[in-house]
Amino acid sequence: MNPVMKWIHLLGSPPYFYRFSGKLLPWLSVLCIILFVWGLYGGLVQAPADYQQSDAFRIIYVHVPSAWMSLFVYVTMAVAGAIGIIWHVKMAEIVCVTSAPIGAVFTFLALLTGSIWGKPMWGTWWVWDARLTSELILLFLYFGVMALYRAIEDKRMAARAVAILALVGLVNIPIIHYSVEWWSTLHQGPTVTKFDKPSMDASMLIPLLVMALAFQLYYCIVLLLRMRTELVNRERNSKWVNDLVSP
């Protein structure tokens, strides 16, 4: 078997995953802290003030990565759910159900920081803008996934139900992404993805990309922690968990 495929199969083993993730978490945590310090210092201190928005633009260093992660986590959740349905992979099911609360936090943070930015820019905390409304629907989808999982006692059956809901809600992701282009909205158009004609100076863009990577690592860290907890709860009667907790 290919070494990479063998390693992926090993990750599907609960005891191996638990041991491997435990060794990986300290390294990820240190790297995440370094990236957060670098990104925040670059964005809040080194980057020049925007010529139109002045220092108010600096909220993008939290708002934009949060918004990106709200979409990324949902897609990850849906893909993991599909893998769990098709191949009955327990670890994929756990990725699906444990990602929902993390995604909900990112989505709420994106909406909150967007409102804080919108008050001085638009003169209001909230408008029923296509981007904002579809992002709010995403938050409700996350809540729905969490509620559905808790409502079903059989956790394997609950994971399948959650995966189906996640896959159905996937239709909202392109709506969020393209809403600014499809409809006339107050939300500004893409800036970072315009690599042919960049809308941001490098001194502003680099800290933003560093913050995006820091948010990605933060998601990985919290996901691994939640997966380890969920795994122990599911496998609490197995020998490897008993050996883990025994003195």
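**Exercise 1. Take Tyr74 in this predicted model and find out which residues Tyr74 touches, leaving out those up to four places away in sequence.**

Step 1. Start with the contacts. Skipping residues up to four places away in sequence, Tyr74 touches Leu138, Leu141, Tyr142, Leu165, Ala166, Gly169, Leu170 and Ile173.

Step 2. Now put Tyr74 in its setting. The largest nonpolar core has 60 residues, and Tyr74 is one of the four that touch the most other members, along with Tyr61, Met77 and Tyr142.

Step 3. Ask where the core residues come from. At least two are supplied by each of α2 (14-46), α3 (60-87), α4 (90-122), α5 (130-151), α6 (155-169), α7 (172-182), α8 (202-234) and α9 (239-245). The largest share, 15 residues, is from α8.

Step 4. For background, nonpolar side chains tend to be buried together in soluble globular proteins.

**Exercise 2. Work out whether Ser21 is buried or exposed, and what its side chain reaches.**

Step 1. Find the residue: Ser21 belongs to helix α2.

Step 2. Check accessibility. Ser21 has 0% relative accessibility, so it counts as buried; the cut-off for that is under 20%.

Step 3. Follow the side chain. From Ser21 it gets to the backbone oxygen of Phe17, at 2.8 Å.

Step 4. Look beyond the sequence neighbours. With those within four places set aside, Ser21 is in contact with Leu224 and Arg228. Arg228 turns up again over the face of Tyr18, 3.9 Å from the ring centre.

**Exercise 3. Val232 and Tyr18 sit far apart in the chain; find how many residues separate them and what their C-alpha distance is.**

Step 1. Val232 is a residue of helix α8.

Step 2. Compare the two separations. Val232 and Tyr18 are 214 residues apart in sequence, yet C-alpha to C-alpha they are 8.8 Å apart in space.

Step 3. See whether that goes with a contact. Apart from neighbours within four places in sequence, Val232 is in contact with Tyr18 and Val241.

Step 4. Finish with exposure. Val232 comes out as partly exposed because its relative accessibility is 21%.

**Exercise 4. Go through the aromatic pairs and say how Phe57–Tyr61 and Trp126–Trp128 are arranged.**

Step 1. Get the total: there are 9 aromatic pairs.

Step 2. Take Phe57 and Tyr61. Their centres are 5.9 Å apart with 70 degrees between the planes, an edge-to-face pair. Both Phe57 and Tyr61 are buried.

Step 3. Take Trp126 and Trp128. This pair is edge-to-face too, at 5.4 Å centre to centre and 80 degrees between the planes. Trp126 is partly exposed at 26% relative accessible area, while Trp128 is exposed at 65%.

Step 4. Add the grouping: Phe36, Phe106, Phe215 and Tyr218 make up one aromatic cluster.

Step 5. Rings can have charges over them as well. The charged end of Lys155 sits over the ring of Tyr149, 4.5 Å from its centre.

**Exercise 5. Pin down where Ser54 and His88 lie, and what their phi values are.**

Step 1. Recall the usual case: most residues other than glycine have a negative phi.

Step 2. Check Ser54. Its phi is positive, about 55 degrees, although Ser54 is not a glycine. Ser54 lies in the loop between α2 and α3 and is partly exposed, with 41% relative accessible area.

Step 3. Check His88. Here phi is near 55 degrees, again a positive value in a residue other than glycine. His88 is in the loop between α3 and α4, and a relative accessible area of 48% makes His88 partly exposed.

Methods:
Residues are numbered from 1 along each chain as its sequence is written. Side-chain values use heavy atoms; hydrogens and water are left out. A nonpolar core is a set of buried Ala, Val, Leu, Ile, Met, Phe, Trp, Tyr and Cys residues joined through side-chain atoms within 4.5 Å. Buried means under 20% relative accessible area, exposed over 50%, partly exposed in between (1.4 Å probe, protein chains only). Helices (H or I, at least four residues) and strands (E, at least two) are DSSP runs, numbered from the N terminus. Contact means heavy atoms within 4.5 Å. A polar contact is a pair of N or O atoms within 3.5 Å; within protein, one must be able to donate a hydrogen and the other to accept it, and residues adjacent in sequence count only if both atoms are side-chain atoms. Rings of Phe, Tyr and Trp (its six-membered ring) pair if their centres lie within 6.5 Å; planes under 30 degrees apart count as stacked, over 60 as edge-to-face and the rest as tilted. A charge sits over a ring if NZ of Lys or CZ of Arg is within 6 Å of the ring centre and within 35 degrees of the ring normal.
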